Amino acid sequence: FRSDRLAGLVPPERILVITAERFVDQTRAALPDVPRENIVGEPCRRDTAAAVAVAVGMVQARGGADAVGAILTADQLMTPEASFRRVLADAFAAAAERDAIITIGVEPDHPATGFGYIARAEKVDCGTATEFARVERFVEKPDLATAQSYLATGRYSWNAGMFIWKASTMAAAFAAHAPEFSALIEQVAAAPDVARVLASLYPTIRATSVDYAVMEKATNILVARCAFTWDDVGGWNAIANHFPQDERGNVRLGKTAVYDAKDNIVVSDDAHLTAVVGLENVVVVHTPTATLVCARDRVQDVKQLVRSL
């Protein structure tokens, strides 16, 4: 995450970062312009619904019920950033004026099977340069044929997981669709020590995504059509978009070797030599503590593998 992607739009003292407790010190070192107390650590993994609930409480505590906040996932790249900021500014304006949750939909340039999709309905005039539409529904990661059918309609955007809302609007959505998170919002909003609240409540909260808990049930969601390119760099396949490939499409980082291999991503995170022979469309990652070998079209399943471990 780079705080300067919000330069001129959100000052550092209003940037809040929610991360794993074990990464708090590293995050503070990486973001020296963000106040230390704005970087909060989760004591255990509870997926995105709990993190959004914490954000709602923190925004409400600092700015009141009408304060506007945004959930912006750290592992994403938007270019040009000026275009991203313009869309985000229009989303802030729309959220401030309406009892609506705003999301930013990314225009798909290929039938991706690793992203969720948003189906757009009729346009909604928010008085901004950015075009908004009512969200008809959120859909899960599709198979290839379904993704192709989505692109053919011209009505679907990728779900980038960016949500903009008034604190009162998002708190009401949790109360209506996932009320078990309301206590977390209320206690975070009232507490002088957010870490103590998380230590007490987080272990008792179910792990679920904000999409499942709220977004797929709410009817007051608008989607902004973005005017920037976007990449989710949280998956291994994204490496191919940002590092050079050899003449056979292999991307190699670290001490690696390939022979008679094509379209692979090979990463060695230490001095260990990692070699690939005769493979195609595979991700191979070696670190000091683990080694991953995975088909490139199955990288989204690594999350399920981790859960099984």
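Reader: How do H2 and H6 cross, left-handed or right-handed?
Author: In this predicted model, the crossing of H2 and H6 is right-handed.

Reader: And at what angle do the axes cross?
Author: The axes of helix H2 (residues 47-63) and helix H6 (residues 182-190) cross at roughly 35° and come within 7 Å.

Reader: Which residues of H6 does H2 meet?
Author: Leu-184, Ile-185, Val-188 and Ala-189 in H6 are met by residues of H2, including Ala-50, Val-54, Gly-57 and Ala-61. By class, this contact has 10 nonpolar residues, two polar ones and no charged ones.

Reader: Changing topic, how many aromatic pairs are there?
Author: The structure holds seven aromatic pairs. One of them is formed by Phe-115 and Trp-158, with ring centres 4.9 Å apart. Their planes stand at 65°, and over 60 degrees counts as edge-to-face, so this pair is edge-to-face.

Reader: Where in the chain do those two residues lie?
Author: Phe-115 is in the loop between strand E5 (101-106) and strand E6 (117-124), whereas Trp-158 belongs to strand E8 (residues 156-166). The pair links distant parts of the chain, with the two positions 43 residues apart.

Reader: Are they buried or exposed?
Author: Both Phe-115 and Trp-158 are buried. Ring pairs also join these two residues and Trp-230 into a cluster.

Reader: What about Phe-174 and Phe-181; why is that pair tilted?
Author: Their planes are at 50°, which lies between the limits of 30 and 60 degrees, so the pair is tilted. The ring centres are 5.7 Å apart. Phe-174 has a relative accessible area of 0% and is buried; Phe-181, at 0% relative accessibility, also counts as buried.

Technical notes
Residues are numbered from 1 along each chain as its sequence is written. This is a predicted model: local features need pLDDT of at least 70, side-chain atom pairs count only at pLDDT 80 or more; totals for chains, interfaces and linings use all residues. Side-chain values use heavy atoms; hydrogens and water are left out. Axes are lines fitted to C-alpha atoms, for helices over the stretch in contact, and angles run from 0 to 180 degrees between N-to-C directions. Helices (H or I, at least four residues) and strands (E, at least two) are DSSP runs, numbered from the N terminus. A crossing is left-handed if the near helix is turned anticlockwise from the far one by less than a right angle, and right-handed if clockwise. Contact means heavy atoms within 4.5 Å. Ala, Val, Leu, Ile, Met, Phe, Trp, Tyr, Cys and Pro count as nonpolar, Asp, Glu, Lys and Arg as charged, and the others, Gly among them, as polar. Rings of Phe, Tyr and Trp (its six-membered ring) pair if their centres lie within 6.5 Å; planes under 30 degrees apart count as stacked, over 60 as edge-to-face and the rest as tilted. Buried means under 20% relative accessible area, exposed over 50%, partly exposed in between (1.4 Å probe, protein chains only).
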